[in-house]
Amino acid sequence: MQNKLPINIVRWAIAIPAGLAAWFGANYSIGVTFGFLHGFDAVEEFWDSSDMNGMPYSGTYILLVTRIVAAAALVGMTVYLVPRYHKRVAITMASIVSVAAMGFLGYLLFQAGSADIKFEPEGWYRSILDMLSIIIGAIFGAWMAYENQRKRTRRSA
C-alpha cells in the first residue's frame, strides 16, 4: 500500500489530539482508582496542595504511577498513530515531553527565586519527583510504542 500525503496529514492530525486525550484519560482513570483506594477527599487534597499534604509514602507512589502512565500514554499513542518514521517521532515526542517537564520545574524555580511562592522541602520533592516520573514515562511510552510498531512492520513484511 502506498503512503499517500492526505492520509498522512489526517493521521498526524489525529495522533496529537489522541495522545492528549490518552494523557487526560489516564490521569482521570488513575485518579478515580486512587480515590477508591485512599478516599476521594484525601486524593483531592493531595492534588490541590503544593507539597505532599501529609502523604509522603502513598503520595509518592500516587504521583509516580499517575505521571508515568499518563506520559507513557501521551507519547505512546502519538507514536503509535503516526504514519512513518516511528523511531524519530518517538525520540522527538519523548524529548518534547521531557523538556516540558523540566521547563515546568524551571518555572517553579524562577517563581520561588522571585519570592512569589515559598517552597518547602516537600514541595521541591514533589516537583522533582513529578518531573522525573514524567520523563521516565515519556521514555517508556516512546520505547513501547516504537517496539510495537517495529514488530508490527516486521510481521507484515
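**Group meeting talk: charges, patches and packing in a five-helix chain**

Hi everyone, let me start with charge. The chain carries 13 positive and 10 negative side chains, and there are 30 Å between the centres of the two sets. Please keep in mind that what you see is a predicted model.

So where do negative charges gather on the surface? The patch is made up of Asp-41, Glu-44, Glu-45 and Asp-48. Let me pick out Glu-45, which sits in helix α2, residues 40–48. Glu-45 counts as partly exposed because its relative accessibility is 48%, and the exposed class begins over 50%.

Now for opposite charges. Side chains of opposite charge can pair when their charged atoms come close. How many salt bridges does the count give here? The count comes to one. The partners are Asp-130 and Arg-67, with 2.7 Å between the closest N and O atoms. Asp-130 belongs to helix α5 and Arg-67 to helix α3, so this pair ties together parts that lie 63 residues apart in sequence. And are these two residues buried or exposed? Asp-130 has a relative accessible area of 14%, so it is buried. Arg-67, at 15%, is buried as well.

Let me step back to the whole chain for a moment. There are five helices and zero strands, so reading from the N terminus you simply get α-α-α-α-α. Along the principal axes, the C-alpha atoms fill a box of roughly 55 × 40 × 25 Å. The chain has 157 residues, and 38% of them count as buried. If you take the contacts with a separation of 6 or more, 71% are between residues 24 or more positions apart. On the outside, the accessible surface is about 9600 Å², and carbon and sulfur atoms account for 68% of that.

That brings me to a nonpolar patch on the surface. Which residues form it? They are Trp-12, Ile-16, Leu-20 and Phe-24, and together they offer about 400 Å² of accessible area. Take Phe-24, which is found in helix α1, residues 5–38. With a relative accessibility of 56%, Phe-24 counts as exposed, because the cut-off for that class is over 50%.

For contrast, let's look at a couple of buried positions. Val-75 is in helix α3, which covers residues 56–81. Its relative accessible area is 0%, so Val-75 is buried. What does Val-75 touch, once we leave aside neighbours within four places in sequence? The list is Met-93, Ala-94, Val-97, Ala-138, Gly-141 and Ala-142. Here is one distance to go with that: from the C-alpha atom of Val-75 to that of Arg-126 is 22 Å, with the two positions 51 residues apart along the chain.

My last residue is Ser-127, in helix α5, residues 121–156. Ser-127 has a relative accessible area of 12% and is therefore buried, since the cut-off is under 20%. Not counting residues up to four places away in sequence, Ser-127 is in touch with Leu-105, Leu-108 and Phe-119.

To wrap up, here are the items I'd look at on the screen. There is the salt bridge between Asp-130 and Arg-67, the negative patch that includes Glu-45, and the nonpolar patch that includes Phe-24. Then turn to Val-75, with its contacts to Met-93 and Ala-138 among others, and to Ser-127, which touches Phe-119 among others. Thanks for listening, and I'm happy to go back to any of these.

Conventions. Residues are numbered from 1 along each chain as its sequence is written. This is a predicted model: local features need pLDDT of at least 70, side-chain atom pairs count only at pLDDT 80 or more; totals for chains, interfaces and linings use all residues. Side-chain values use heavy atoms; hydrogens and water are left out. Patches are made of residues with over 30% relative accessible area and no salt bridge: like charges are joined within 9 Å, nonpolar side chains (Val, Leu, Ile, Met, Phe, Trp, Tyr) within 5 Å. Accessible areas come from the Shrake-Rupley method with a 1.4 Å probe; for residues, only the protein chains shown count as cover. A salt bridge is a side-chain nitrogen of Lys or Arg within 4 Å of a carboxyl oxygen of Asp or Glu. Helices (H or I, at least four residues) and strands (E, at least two) are DSSP runs, numbered from the N terminus. Buried means under 20% relative accessible area, exposed over 50%, partly exposed in between (1.4 Å probe, protein chains only). Contact means heavy atoms within 4.5 Å. Lys and Arg count as positive and Asp and Glu as negative; His and the chain ends are not counted. The place of a charge is taken as NZ of Lys, CZ of Arg, CG of Asp or CD of Glu.
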